[in-house]
Structures are given as structure tokens and as C-alpha cells.
Amino acid sequence: MGHESVENLPLVESAMRQDPEEEVFGGSMFRRQNGRLTRRERWLCFIIVLQAIALAAGLYLSRRQDSRTSPADSVVEYEIKSFTPGREHKTVYQGLNDEADRAWGDLYNHTLMKIPRSEAILLPNKTYPIKDEPGYYLGGLDVFHQLHCLNNVRRALHRDRYADDTDLDDEHVSHCIDTIRQSLMCNADTSVNVWQWSNEVSAVVGYSTQAHSCKNFDKLREWARSRRVHKWINTRLFVEDDLPDPPILS
């Protein structure tokens with residue numbers, strides 16, 4: 001043992017044989033200078049402090065961003081539902097008649113709402129103040145815009161019935177289709193489609209009646225309508241306001 005070189009000694013034993021003025025730090029050896037940290041140690045401490053500050057700031061911003069989603073999150077409830085295929089058994093939203101038109105309109109009509117400043121200030125983007133109701137701002141849940149868009153696509157397939165509808169120009173319909181695409185991708189439904197053997201057709205058939213985890217739409221619609229705007233809003237009127245404008249994405 002006495003003739004072994006330092007390079008061949010075990011790490012712990014090698015460390016024990018170091019000069020008492022030296023110590024191992026982070027896998028590297030630093031020499032104390034009159035009991036003070038060396039320049040390299042001071043730099044490492046500085047970097048560690050910066051990293052800790054950056055981590056704390058990141059956690060704070062992530063939590064703040066999580067809280068800046070939607071005021072409706074507080075009323076969201078999930079429920080298990082099976083979709084209706086709409087083939088043998090039609091839903092009220094299928095067909096070309098006044099009943100179907102009313103049912104579609106009822107999904108999203110009267111959902112333009114007012115939200116208080118305490119909620120508006122948490123949104124990722126600035127929204128418009130209501131002139132006659134100081135402290136309140138315009139808002140609308142995007143699900144209602146998406147349903148409006150889907151209804152536009154439905155009506156665009158039957159322009160003869162909806163010839164007087166000015167929302168059915170090709171550019172608007174194209175916008176609606178792409179809005180629905182983005183929404184489907186953003187809210188990707190991971191429910192699993194299944195295939196089962198059908199004795200009727202003697203083949204494996206795909207089924208779309210699987211269970212889904214869904215947000216309770218009726219509760220969200222009721223919540224939005226309880227805050228609905230009852231007055232006509234002049235959208236050509238500029239209203240000065242000091243609400244912060246911190247967009248997550250512009």
C-alpha cells in the first residue's frame with residue numbers, strides 16, 4: 001500500500017490523503033485561500049443561485065399561466081357519456097327543418113357574457129370593456145363559437161334552404177372548417193373506438209358508441225347565460241381602459 005501511486009488509490013482513500021487545506025466539491029478539488037472560497041467556487045455558487053431563481057420564477061409563471069385559462073373552469077364537471085351514432089336513431093340536430101334549426105341555435109345563442117375585472121385581468125389576452133357597466137368586460141366561451149361554426153358548415157351544405165344567410169360565403173365557411181379542425185386537435189378525444197363482430201353482416205364492424213369523458217355542456221351553457229349581456233354593444237366605440245395586455249400568444 002505504501003508504494004502505490006495516488007492515481008491507483010480508491011477515491012475515498014485518495015481524498016483522505018489530500019492536503020487538509022483542500023476539499024472535494026462537486027467532483028473537483030478547490031484549495032481554500034485563508035478560509036475563503038476560491039474564484040471558481042464563488043462562480044459556481046453564483047450560478048447555483050441564478051438557477052434557483054430561474055426555477056422559482058418558472059414555477060411562479062407556470063402557476064400563474066395555469067390560473068389564466070378561463071373563469072368557467074370553476075364550474076366544469078365531467079360526466080361519462082356515449083355518443084349517439086345518428087344513423088338508425090336520428091338526433092334533433094339532424095335533418096332540414098325548423099326544429100333542427102332551433103335546436104342548433106339553442107346550443108350557442110345568448111352566450112355572449114360579461115365577466116368582472118377580477119377575472120378579466122387573469123385572461124391570457126386583453127378583452128373589451130363594457131361602457132355602460134364599468135368593471136365588466138365582454139367574453140364568450142369558445143365552445144359556443146365552434147358550435148356556431150359547425151352550424152354554418154351544416155347550412156352551407158344546403159344553400160338552397162339558407163339562401164338568405166349572409167354568413168355562408170366561402171371564406172367564412174373555410175374559416176369555420178379550420179376553426180373546428182384546430183379545436184379537435186387542441187381537445188383531442190382519446191376515447192378508444194372499438195370493433196365488434198356483427199352477426200347481421202357477418203363481419204367485424206366499427207362502433208362509435210364508446211364511453212367518453214365529457215365536460216357537462218348544459219352546466220357550462222347555464223353558467224354563461226347567467227352572465228349574458230342583455231344590452232346591445234356598439235362595437236365601433238373605442239373605450240379607454242387600463243386592463244393589462246399580457247398575451248401568451250399574439
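**Exercise 1. In this predicted model, work out whether H110 is buried, partly exposed or exposed, and what its backbone is doing.**

*Solution.* Start with the surface. H110 has a relative accessible area of 48%. The cut-offs are under 20% for buried and over 50% for exposed, so H110 comes out as partly exposed. Next, place it: H110 sits in the loop between helix 3 and strand 4. Now check the backbone angle. Most residues other than glycine have a negative phi. H110 is not a glycine, yet its phi is positive, at about 65°.

**Exercise 2. Find out whether T111 is buried or exposed, and which residues it touches away from its own stretch of sequence.**

*Solution.* T111 is also a resident of the loop between helix 3 and strand 4. Its relative accessibility is 6%, so T111 counts as buried. For the contacts, skip the neighbours within four places in sequence; that leaves G139, G140, F144, R221, A224 and R225. Two of these, R221 and A224, turn up again as buried residues of helix 7, which is where we go next.

**Exercise 3. Describe how helix 7 (residues 217-225) is set into the fold: which residues are buried, how they are arranged, and what they pack against.**

*Solution.* Step one: pick out the buried residues, namely L220, R221, W223 and A224. Step two: look down the helix axis. Those buried residues fall within an arc of 160°, so they line one face of the helix. The general rule helps here: an α-helix has 3.6 residues a turn, so residues three or four places apart point the same way. Step three: find the partners. The buried residues of helix 7 pack against helix 3 (98-108), strand 4 (113-116), helix 5 (142-156) and strand 8 (211-215).

**Exercise 4. Look at both ends of helix 7: what caps the N-terminal end, and what does S226 do in the segment after the helix?**

*Solution.* At the N-terminal end, the cap is N216: one of its side-chain oxygens lies 3.2 Å from the backbone nitrogen of D218. Moving past the helix, we reach S226. Its relative accessible area is 59%, so S226 is exposed. A polar atom of the S226 side chain lies 2.6 Å from the backbone oxygen of W223. Then compare sequence with space: S226 and M113 are 113 residues apart along the chain, but their C-alpha atoms are 8.1 Å apart.

**Exercise 5. Characterise the second largest pocket: its volume, its lining and the element that gives the largest share of that lining.**

*Solution.* The volume first: about 360 Å³. Going round the wall, you meet P85, R87, E88, S198, E200, V201, V205, G206, Y207, S208 and T209. Sort that lining by chemistry and you get 4 nonpolar, 4 polar and 3 charged residues. Strand 7 (residues 203-207) supplies the largest share, 3 residues. While you're in this region, check S202, in the loop between strand 6 (194-198) and strand 7. S202 is exposed, with a relative accessible area of 51%, and has a positive phi of about 55° although it is not a glycine.

**Exercise 6. Step back to the whole chain: how many helices and strands does it have, and what share of its residues is buried?**

*Solution.* Count the elements: 7 helices and 8 strands. Of the 250 residues, 26% are buried. Finally, take the contacts between residues at least 6 apart in sequence: 62% of them join residues at least 24 apart.

Notes:
Residues are numbered from 1 along each chain as its sequence is written. This is a predicted model: local features need pLDDT of at least 70, side-chain atom pairs count only at pLDDT 80 or more; totals for chains, interfaces and linings use all residues. Side-chain values use heavy atoms; hydrogens and water are left out. On a 1 Å grid over the protein atoms alone, a cavity is a set of points where a 1.4 Å probe fits but cannot get out, and a pocket is an open set with protein on both sides within 12 Å along at least five of seven lines; lining residues have an atom within 4 Å of a point. Grid points are joined across faces, edges and corners, and a volume is the space filled by probe spheres set on the points. Helices (H or I, at least four residues) and strands (E, at least two) are DSSP runs, numbered from the N terminus. Ala, Val, Leu, Ile, Met, Phe, Trp, Tyr, Cys and Pro count as nonpolar, Asp, Glu, Lys and Arg as charged, and the others, Gly among them, as polar. Buried means under 20% relative accessible area, exposed over 50%, partly exposed in between (1.4 Å probe, protein chains only). The arc is that of the directions from the helix axis to the C-beta atoms. Contact means heavy atoms within 4.5 Å. A polar contact is a pair of N or O atoms within 3.5 Å; within protein, one must be able to donate a hydrogen and the other to accept it, and residues adjacent in sequence count only if both atoms are side-chain atoms.
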